[in-house]
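Visitor: I would like to go through this model and ask what stands behind each label. Please set the values against the criteria as we go.

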Amino acid sequence: MSESWFGRELELRLGNPGHGGFCVARHDGRVVFVRHGLPGELVRARVTEDRGGSFCRADAVEIVEASADRVPALCPISGPGGAGCCDFSHASLPAQRAMKASVVAEQLRRLAGVEREVEVEDLPGTGNGTGWRTRLRLAVDADGRAGFHGYRSSRVVTELLCPQPVLGMYQSLDERDWRPGGEIQVTVDADGSRHVVEIEPARVSRTGRRSPGRRGATARRAASAGPRREHVVIGSGRAVERVGGREWELSATGFWQAHRGAAGAYSAVVGEWSGLTPGRAAWDLYGGVGVFAAELGRQVGDRGTVVSVESSRGAVVDGRAALGDLGQVRLLAERVESALGELPVPVDAVVLDPPRSGAGRAVVEAVAAANPATVIHIGCDPAAFGRDVGLYLGQGYRLERLRAFDAFPLTHHMECLALLVRASS
């Protein structure tokens, strides 16, 4: 094994952006994934991780030749050695979106064989890229202080200075001691009410492993070892949200889109693309509290049917309360993978909004077997999204339309929506 490059400083010319918030560079036959730089820049980069093999990771610690797209960093805690919250706060918003578009196009090309121009669009309420986040999950360090995880680290950065959250989210969080190892959920709802919920640390199982929490799996489902105990500190713990003139009340720790303009924007796209008319049938998979089911139900009318499937029982209870006037909509508390064989057919349109890991082969094949004319697939990870699109193409669908939204400004994350139709249509 060759000598580790950890800690070495390298002068590198940065190439294209890669999936994960870095630019790709090469040095002495190896690939270096460099954060905090921009395509085309010449930087001095310090290697932060080297496990051997063909690549290593580095931070740009000095900009030798700056890109015209570089701006003063908007996030003061996410630079080299800092928090993992903002990958692109040193880039103009158009440059951030161009990098994201490049990544989506590359993943579609590589994983689905699709050549497609991609535009990453703004969302209402983004402004200059700050103050858009209405849901925030913070870690708690060993001293009981709330903060952000360091990049690829369990270390907690306790300066609450990231500019993503809406105004007032941090208020008083640094004035109390929290339970070490736990998490803090902060939610600001559609009424402007703030809810702060303390979540107990993950339990340690008999094997000595920590039971997984919602972080890293999905906020839609409870941990596989069962939900962690929650304590409401500020507010009622019940958030009010609205889309399309309809109101939901849900747990402040339950799933809702983080960007304040996202839920309404995606619902509008689903309504535009579904092709549904009164009397038709639809499935809404990974349906949460039923935002898309509400729109689909409006379209099919009282002579149609919509079945929404969601694994979180709490989300289903909240969704049923919000959609109680829509007799054509049925919400099931079940895992999508288990429910697919029991859902009513024929079905005209299917909407899927799976967790970050995507839907996967079994779900895509089951959806295709039901033969809907239209599939609307939503994904927040471009690699999983590209893989799933490729699976649909293999099942006889074609990619009719694609939209990508800058749902997480200052970060490398985005949301993609695909309209897939039967190739014979």
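Guide: In β17, S308 is the bridge partner of D284. This is a predicted model.

Visitor: What makes β16 and β17 a pair?

Guide: Two strands pair if there are at least two bridges between them. Strand β16 (residues 281–285) and strand β17 (residues 305–310) are joined by 5 bridges and run parallel, so the criterion of at least two bridges is met.

Visitor: Where do these strands stand in their sheet, and what is its strand order?

Guide: The order is β7-β21-β22-β20-β19-β16-β17-β18, an open sheet of 8 strands with mixed pairing.

Visitor: Why are β7 and β18 called edge strands?

Guide: β7 (120–121) and β18 each have a single partner strand, so one side of each is left without a neighbour in the sheet.

Visitor: How do you know that β22 is paired on the sides facing β20 and β21, and in which sense?

Guide: β20 and β22 share 6 bridges in the antiparallel sense, with L417 in β22 as the bridge partner of I378. Strand β21 (residues 397–405) and β22 are also antiparallel, over 8 bridges. On that side, F405 stands opposite E415 in β22. Both counts meet the requirement of at least two bridges, so both are pairs.

Visitor: What makes β22 a mostly covered strand?

Guide: Buried stands for under 20% relative accessible area, and 8 of the 8 residues of β22 are buried.

Visitor: Which helices pack on this sheet, and at what angles?

Guide: α3 lies across β16, β17, β18, β19 and β20, and runs at about 170° to β17. α4 touches β17 and β18, and its direction makes about 160° with that of β18.

Visitor: Why is α3 described as largely enclosed?

Guide: Of the 10 residues of helix α3 (residues 291–300), 9 are buried, so the helix is largely enclosed by the rest of the structure. The buried residues are V291, F292, A293, A294, E295, L296, G297, Q299 and V300. After α3 comes G301, with a positive phi near 70°.

Visitor: How do you know whether Q257 is buried or exposed?

Guide: Q257 has 9% relative accessibility. The cut-off for buried is under 20%, so Q257 counts as buried. Q257 lies in the loop between β15 (246–251) and α2 (262–273). Leaving out residues up to four places away in sequence, Q257 touches T134, R135, A262, A263, Y266, D353 and E415.

Visitor: Which residues lie nearest the centre of the largest cavity?

Guide: F255, Q257, V291, F292 and D353 do, among the 14 residues that line the cavity. α2 and α3 each supply at least two residues of that lining. The volume of the largest cavity is about 170 Å³, and the whole structure holds 5 cavities of 30 Å³ or more.

Visitor: What makes up the largest nonpolar core?

Guide: That core has 41 residues, and W248, W256, Y266 and L323 have the most contacts inside it. Elements giving two or more residues include β15, α2, α3 and α4 (313–322). α2 gives the most, with 7 residues.

Visitor: Which residues is W248 in contact with?

Guide: Beyond neighbours within four places in sequence, the contacts of W248 include V243, W256, V291, A294 and L323.

Visitor: What else is there besides this core?

Guide: A second, separate core has 40 residues, among them L332, V350, V363 and L402.

Visitor: Why is F408 called buried?

Guide: Its relative accessible area is 12%, against a cut-off of under 20%, so F408 is buried. F408 is in the loop between β21 and β22. Not counting residues up to four places away in sequence, F408 touches K100, W132, R133, H413, M414 and E415.

Visitor: Which strands form the open sheet of 6 strands?

Guide: The order is β10-β9-β8-β11-β12-β13, with antiparallel pairing. β10 (156–157) and β13 (230–234) stand at the edges with a single partner strand each, so one side of each has no neighbour in the sheet.

Visitor: What makes β8 and β11 a pair?

Guide: Strand β8 (residues 135–140) and strand β11 (residues 183–188) have 5 bridges in the antiparallel sense. At least two are required, so the two strands pair. I184 in β11 is the bridge partner of L138.

Terms used
Residues numbered from 1 in each chain as written. Predicted model: local features only at pLDDT ≥ 70, side-chain atom pairs only at ≥ 80, totals over all residues. Heavy atoms only, no water. Helix = DSSP H or I, 4+ residues; strand = E, 2+ residues; numbered from the N terminus. Buried < 20%, exposed > 50% of the residue type's maximum accessible area, 1.4 Å probe, protein only. Contact = heavy atoms within 4.5 Å. Core = buried A, V, L, I, M, F, W, Y, C linked by side-chain atoms within 4.5 Å. Axes fitted to C-alpha atoms, helices over the stretch in contact; angles between N-to-C directions. 1 Å grid on protein atoms, 1.4 Å probe; cavity = no way out; pocket = protein on both sides within 12 Å on 5 of 7 lines; lining within 4 Å. Points joined across faces, edges and corners; volume = space filled by probe spheres on them.
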